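Welcome! Below are a few short exercises to work through with the structure open beside you. Try each task before reading its solution.

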Amino acid sequence: MALNNYLAERKQALASTKRPAMIMTHVVCGYPSFDDNWKELEIMQSYGVDLVELQFPFSEPSADGPLFVKANQEAIENGVHVEDCFAFMKKVTDHFSFKVIMMGYYNTVFKTGHKRFLQRLKDAGASGFILPDLPVEEAGELHDIAAELELAPIVLMTPTNSDQRLAQLAEAADGFIYTVARKGVTGSNTDMNSEVSQFIDRCRQHTELPLAVGFGVSEAKDVAFIGQHADIAVIGTAALKAWEHGKEQALSEFFEQLLG
Amino acid sequence: MLRYAAIQNLVSTMDLFNFNNGREGYYGEYGGTFLPEILHSTIEELKAEFRKAKDDPTFWQEFMELMQSYSGRPTPVTHLTNLSNKLGGAQIFVKREDLNHTGSHKINNVMGQGLLVKRMGKTRVIAETGAGQHGYATATMAARFGFDSKIYMGAVDVARQRPNVFWMENMGSEVVAVTDGQQTLKDAINECLRDWVTNMDNTHYVLGTACGPHPFPEMVSWFQSIIGREARDQILQAAGKLPDRVFACVGGGSNAIGLFQGFMEDKSTELVGCEAGGFGPGKGNHAARLAYKDASVGVAQGMKTYFLQNDDGNMLHTHSVAAGLDYIGVNPVLVHLWEQERVRFEAVTDAQVTEALKLTMRTEGLIPALESSHGFAQAILEAEQMSKDEVVLINMSGRGDKDIFTIADALGDEHWKQFIRQKSSEYGPE
């Protein structure tokens, strides 16, 4: 699959730099506005991020923490539709060199229709999708279509999963695996400690796909920690917080301390 | 031929929750378990514990005894002779879930789940609440069993159901006013899910209605089936026959499925679910998922069912005078029964509800909750057209005392307003 090759190349390229891990960032489509999104993405590109999640706003973002809940809600109130998210995604993938992953909730996909939604994702240049409320038991048909279209279905592994379950999840995954470093919603702090590394190592036993580590990454030492145990550091809430705090300047400063 | 088809389609209670020939947790194409992966093991644990309890006859016995000694079950069935005579049609009977401790059927499910929590060895419970009845019942259960508890309630609902909030807090629960989204029931459910993904180790989510991810629809239906089991015997005793029609309001749909299960195999008994028609048809005006044509199938809040949503799959605003019916989705079991033509769905507007409530108070001295009054309104409408030897049964799922502020507003009661003004002036400025 294209995404697997891309990540393998990027990982190789990493060896010749000081950066400890690949980077995936996150943007909520249309929040605060598509113009703001574009400026955020330009900064992310300038820091050489490898992947960007474009979140399609949903009215019931039950796996998200307060900041993303607000972002989802306000994007919808501002009149952002699924249609706009696809159009924006196309513009982004045409212009930037990082790969784009759609992130959202399953109802957005279900309502559009499995086949139609994935075809549109493909047409918009996406490399894969993350649907945190779609368990693998329910994902069979969607994943089959994704395989045909060469879209990676990104699966989540969590610290509460048994080894048996991790094996089952690995079976369904492609592209990379999103390992959730801790319990809770997006945006809370995670103490990167031995518990987290043990969990990541446990995931590693079940898959050879790159491992992304999400939830609570905000400092350079977090990225260094992830680099020791996994492949991709996921930067979500912390970047949006920086943008809210002081737009371009604050976001650049955030990435500077994180990756500079 | 038609008759034959109808019998073929008949779904028995046993079949509803027997997943041997289908996918576990599915009712037709509705239901399922759509949750973040982090809750997978928690839900598996709950499913296993519930299965054990369901297969253990002593568990149901323990549940029944608890409901008798603590909540006053069995609740009676009352013949509304005055109202029946006044309308001149069918004989109207009412299942008195309002006489439960805490004033509604919600306690049935809550005490049942409380027993399960004890078995699982968890020490903390969380719950969402709309009208506040489920939160009130959960706070009660937590106090009784010695659990820590936190109740999530939309800020809009906190404002319209202060009496229930008052009791929850005084029973030791922390009540959190949820200010996301529409600040109603669905937002409180999202907030519970967020709490649960963080604290699942010691926390059980006491979902209040027969919605959400499997096993909740089955589990809540099972605990609430105590209503229908009692009611069938009672109505046979009181009316000398089975009811021709059974009415229950449907928000999430737990009181309805609870009562309906008692009559599922009685082909001659028609089951009628009464949804919140609010201001009437039209997106955003109501919370009628099945009776009006504004809803479509979607996946949210853990389940696949009918939701009031737009073309993007984002949820619409809903409206009802009754906070407990003001919900975007509906019990997947009931959707299946609706498709099988076993349950008929009707919508009742706010205005009809107020009239039905006034009539019931005046003729019978009963105060049904605004939610339950939806069942009353539809039953009154239909009973009038039925013959005197026919029998209808309404589920009075809760009492209306909690709605005193809302009802007083709806009735424009001047004496009440005067009282509030006076009370307010006694308290003086903050």
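The domain bounds used in the first exercise come from an automatic or database domain assignment. The model is a predicted one.

**Exercise 1. The two domains of chain B**

Task: Find which stretches of chain B make up domain 1 and domain 2, and describe how the two meet.

Solution:
- Start with the bounds. Domain 1 of chain B covers 25-68 + 105-216, while domain 2 covers 72-103 + 226-410.
- Next, look at the spacing: the C-alpha centres of domain 1 and domain 2 of chain B are 22 Å apart.
- Then turn to the contact, where domain 1 of chain B contributes 37 residues and domain 2 of chain B contributes 41 residues.
- On the side of domain 1 that touches domain 2, the elements of chain B giving two or more residues include strand S2 (30-31), helix H4 (57-71) and helix H10 (185-199).
- Finally, sort that side of domain 1 by class: 15 nonpolar, 18 polar and four charged residues.

**Exercise 2. A sheet in chain B**

Task: Trace the order of the strands in the open sheet of chain B, and say which strands are at its edges.

Solution:
- Follow the six strands of chain B in the order S3-S4-S14-S9-S10-S13; their pairing is mixed.
- At the edges are strand S3 (77-79) and strand S13 (343-349) of chain B, each paired on one side only.
- Neighbouring strands of this sheet are turned against each other by 25° on average, direction ignored.
- Zoom in on one pair: strand S9 (residues 245-249) and strand S14 (residues 391-396) of chain B run parallel and are joined by three bridges. B:Phe247 has B:Ile394 in S14(B) as its bridge partner.
- Now add a helix. Helix H14 (residues 350-364) of chain B lies across strand S10 (270-278) and S13 of chain B, at about 90° to S13(B).

**Exercise 3. Where chain B touches chain A**

Task: Work out how many residues each chain gives to the contact, and which element of chain B gives the most.

Solution:
- Count by chain: 25 residues come from chain B and 30 residues from chain A.
- Helix H3 (40-54), H10 and strand S11 (296-300) of chain B each supply at least two residues to the side of chain B that touches chain A.
- H10(B) gives the most to this side, with six residues.
- By class, the side of chain B that touches chain A has nine nonpolar, eleven polar and five charged residues.

How values were computed:
Residues numbered from 1 in each chain as written. Chains lettered and ligands numbered in written order. Predicted model: local features only at pLDDT ≥ 70, side-chain atom pairs only at ≥ 80, totals over all residues. Contact = placed C-beta atoms within 7 Å. Helix = DSSP H or I, 4+ residues; strand = E, 2+ residues; numbered from the N terminus. Nonpolar A, V, L, I, M, F, W, Y, C, P; charged D, E, K, R; others polar. Pairing = 2+ DSSP bridges. Axes fitted to C-alpha atoms, helices over the stretch in contact; angles between N-to-C directions.
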